[in-house]
Amino acid sequence: MKASVSWLSKIRHFYSNTTIAAPVTVLIVILVLFSLFVPKFFSFRSFSGIINAATLNGALAIGIAFLMVSGEFDLSVGSNLAISAYIYGNFSVAGQPFLGLIFALVVPALLGAVNGVILVWTGIPSFIVTLGTKYFYRGMLWVITTGSMLQTVDVLPMDKIFTGRLDLLNNLISEANFRNSLFWLLGLAFIFQIILGKTKFGNHVFSVGSNPGAALGQGVNVARVKILSFAISGLMAGVAGIFLFSQFHTVRVASGDGMDLYAIAAAVVGGTLITGGSGNIWGALVGALIISTLRTGVVLLNIPFIPADNFEAIVGVTIILAAILNMYISKRK
Amino acid sequence: MIEVNHERGRNSLVWMENITKKFGTICALRDINFGVQKGEVRALLGDNGAGKSTLIKILMGIHQPTVGQIYFEGRPVKIRSPKEAREIGIEAVYQDLALVNLMSISRNFFLGREVVKKVGPLKFLDLKNMESICRSSLHDIGIEIRSATERVGSLSGGERQSIAIGRGVYFGAKVLILDEPTSALSVAETRKVLSYIENARERQLATIFITHNVHHVYMVADSYTIIRQGHNVGTYSKGELSEEDIADLITGDRES
């Protein structure tokens, strides 16, 4: 009896103190529901498929969640993703994959930092700044590539490392089709969650997102924190671009368009406050998984009035429900 | 009324001498003399727009005086930013700008002065240490908290004020500037906050208590400086004037 009471209080404590409690619960609930009601859903084939489909959004969502904790958000990550994919692709095709890797990370990180610099200098809200750079960055990409798509049929030297099949796991589980990108995502989420939760810089990110005036009053360099957070958002868009080209060997000028909003959706569904000051990187990954699970479930369900192409309707409902759930939990604290 | 004496003023902890501040053609402050001594609670009284916050912003380094000189511990100083003010020991506690609501008490306590431990070349927050230092140092000045990991947003206004005051005391502030610390508090909470101010006085801190309402400060202040429309009305010691008299001086219903 006593043990069960302490268990209950532990669960309650977990719920009231962890921003990822709600999204984890949501993910488990929809996984169970789909497993019960959707034929063929409960299999490692669909689970690994869900994870693979969440890779790009997950990478973007890691950066977006970090940035959102600092109180800003970034609509230009979709454009940055395409820029990174072109850089990585062109260098790789030319036989310089390592150089491509470096530039595909540094350029988006710098473009992200430019968002931050504009924001800090002008005081224009991030919505407007990144709406502008979203179009400007993609426009510049069009000019530089003259609008032509980049495609290769060759196997690139670093494909295996980023998006190759994760045979270690796949050999253990029949039907599973996990990819190496899963490792990278988990590693990056781990690193950025540590930075956010366990370092001085992370402490400053939270303070700037919740009350910039108080942060400034305590000697926090608010401008530096914002610019660095934007750079991290850009960097993760660079990672997503590398994944994209590594896996599909194709990039168009329009690649990644609209993914910015999906990433924000994943962060919000994952428990990050849109107003800043609260959030969790793992939650953003869970958010990306929730969206991906819904898509797979809807495809398999074959509902007549919700075709797979129209699963956006379900994402929309999920975002609003997640926001309501987050608000309810934070009010109960 | 206490006569202005520059010689004596310069020997107190903080002395702002002949401060004039103009914003364009508007003269916000004219020839103000204001200071506070160790172990003194000085009320800075004035109606809305009288110039209280301008004067304090000059002391905090947010504004520079057009004319005038600040002395700190007897030496002339130039305070160029809130950071510089804090470095010499001037700590301001603003009602909305003191603490970050979504962060825990201990993370707030150490914000900008985090305790880190080294793991190889990396530095991580020493959260356990921060929590225990925060808890014990607040306890030392009579502030009890339920848990250092509790979010500040769930605390009452009085608890937040007291934590901000406690933080200033712990980090060695010599001057505490409190901006309307009790104006939004219940009677019981106001008493508590006043008791922390008395505690700070016993520790020989100088306290500047800014308010437009004399009732809030009458219990605790040792002396009062009243300003009206950017002018010094006068400085009075405790017991010299009734609450009524002070209120009349603030509004200008009575001349000094």
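**Group meeting: a sheet in chain B, a helix in chain A**

I start with chain B, where six strands form an open sheet in the order β6-β9-β10-β3-β11-β12, with mixed pairing. The two edge strands are β6, residues 90–93, and β12, residues 231–237, and each of them pairs on one side only. Ignoring direction, neighbouring strands of this sheet are turned by 20 degrees against each other on average. Please keep in mind that this is a predicted model.

Now to strand β10 of chain B. How many of the residues of β10(B) are buried? Six of its six, so to speak the whole strand is mostly covered. Ala206(B), Ile208(B) and Ile210(B) point one way from β10(B), while Thr207(B), Phe209(B) and Thr211(B) point the other way. Both sets are buried.

Next, the partners of that strand. Strand β3, residues 41–45 of chain B, pairs with β10, residues 206–211 of chain B, in the parallel sense over five bridges. If you want to find the register on screen, look for Ala43(B), which stands opposite Phe209(B) in β10(B). Val41(B) has Thr207(B) as its bridge partner in β10(B). The pairing of β9(B) with β10(B) is also parallel and runs over five bridges. There, Ile177(B) has Ile208(B) as its bridge partner in β10(B).

Two helices go with this sheet. Helix α2, residues 52–59 of chain B, packs on the sheet and touches β3, β6, β9, β10 and β11 of chain B. The direction of α2(B) makes about 150 degrees with that of β10(B). Helix α7, residues 187–202 of chain B, lies across β3, β9 and β10 of chain B. The angle of α7(B) to β10(B) is about 150 degrees.

One residue of chain B outside those strands is worth a stop. Val14(B) sits in strand β1, residues 14–23 of chain B. Is Val14(B) buried or exposed? It is buried, because 25 other C-beta atoms lie within 10 Å, and the cut-off for buried is 20 or more. Leaving aside neighbours within four places in sequence, Val14(B) is in contact with Gly35(B), Val36(B), Phe72(B), Val175(B) and Ala206(B). Of these, Ala206(B) is one of the β10(B) residues I listed a moment ago. Phe72(B) is 58 residues from Val14(B) in sequence, yet the two are 4.7 Å apart in space, C-alpha to C-alpha.

Now the contact between the chains. It takes 20 residues from chain B and 18 residues from chain A. On the side of chain B that touches chain A, the elements giving two or more residues are α3, residues 82–88, and β8, residues 122–125, both of chain B. By class, that side of chain B has 11 nonpolar, three polar and six charged residues.

That brings me to chain A, and to helix α14, residues 259–269. Of its 11 residues, 10 are buried, so α14(A) is largely enclosed by the rest of the structure. Among the buried ones are Met259(A), Asp260(A), Tyr262(A) and Val269(A). Just after α14(A), Gly271(A) takes a positive phi of about 95 degrees.

I have two helix packings to show for α14(A). Two packed helices are described by the angle between their axes and the distance between the axes.

The first is with helix α15, residues 281–301 of chain A. Here the angle is about 110 degrees and the axes are 7 Å apart. That makes α14(A) roughly perpendicular to α15(A). The crossing of these two, α14(A) and α15(A), is right-handed. On the α14(A) side the contact is made by Tyr262(A), Ala265(A), Ala266(A), Ala267(A) and Val269(A). From α15(A) come Ala284(A), Gly287(A), Ala288(A), Ile290(A) and Ile291(A). By class, this contact of α14(A) with α15(A) has nine nonpolar residues, one polar and no charged.

The second is with helix α4, residues 55–69 of chain A. The angle between α4(A) and α14(A) is about 65 degrees, and their axes are 8 Å apart. These two helices, α4(A) and α14(A), are therefore roughly perpendicular to each other. The crossing of α4(A) and α14(A) is right-handed. From α4(A), the contact residues include Leu56(A), Asn57(A), Leu60(A) and Met68(A). From α14(A), they include Met259(A), Tyr262(A), Ala266(A) and Ala267(A). The class count for the contact of α4(A) with α14(A) is 12 nonpolar, one polar and no charged.

To close, Tyr262(A), Ala266(A) and Ala267(A) of α14(A) take part in the contact with α15(A) and also in the contact with α4(A).

Definitions and conventions:
Residues numbered from 1 in each chain as written. Chains lettered and ligands numbered in written order. Predicted model: local features only at pLDDT ≥ 70, side-chain atom pairs only at ≥ 80, totals over all residues. Contact = placed C-beta atoms within 7 Å. Helix = DSSP H or I, 4+ residues; strand = E, 2+ residues; numbered from the N terminus. Nonpolar A, V, L, I, M, F, W, Y, C, P; charged D, E, K, R; others polar. Pairing = 2+ DSSP bridges. Axes fitted to C-alpha atoms, helices over the stretch in contact; angles between N-to-C directions. Buried ≥ 20, exposed ≤ 12 C-beta atoms within 10 Å, placed from the backbone. Parallel < 35°, antiparallel > 145°, perpendicular 65-115°, else oblique. Left-handed = near helix turned anticlockwise from the far one by under 90°.
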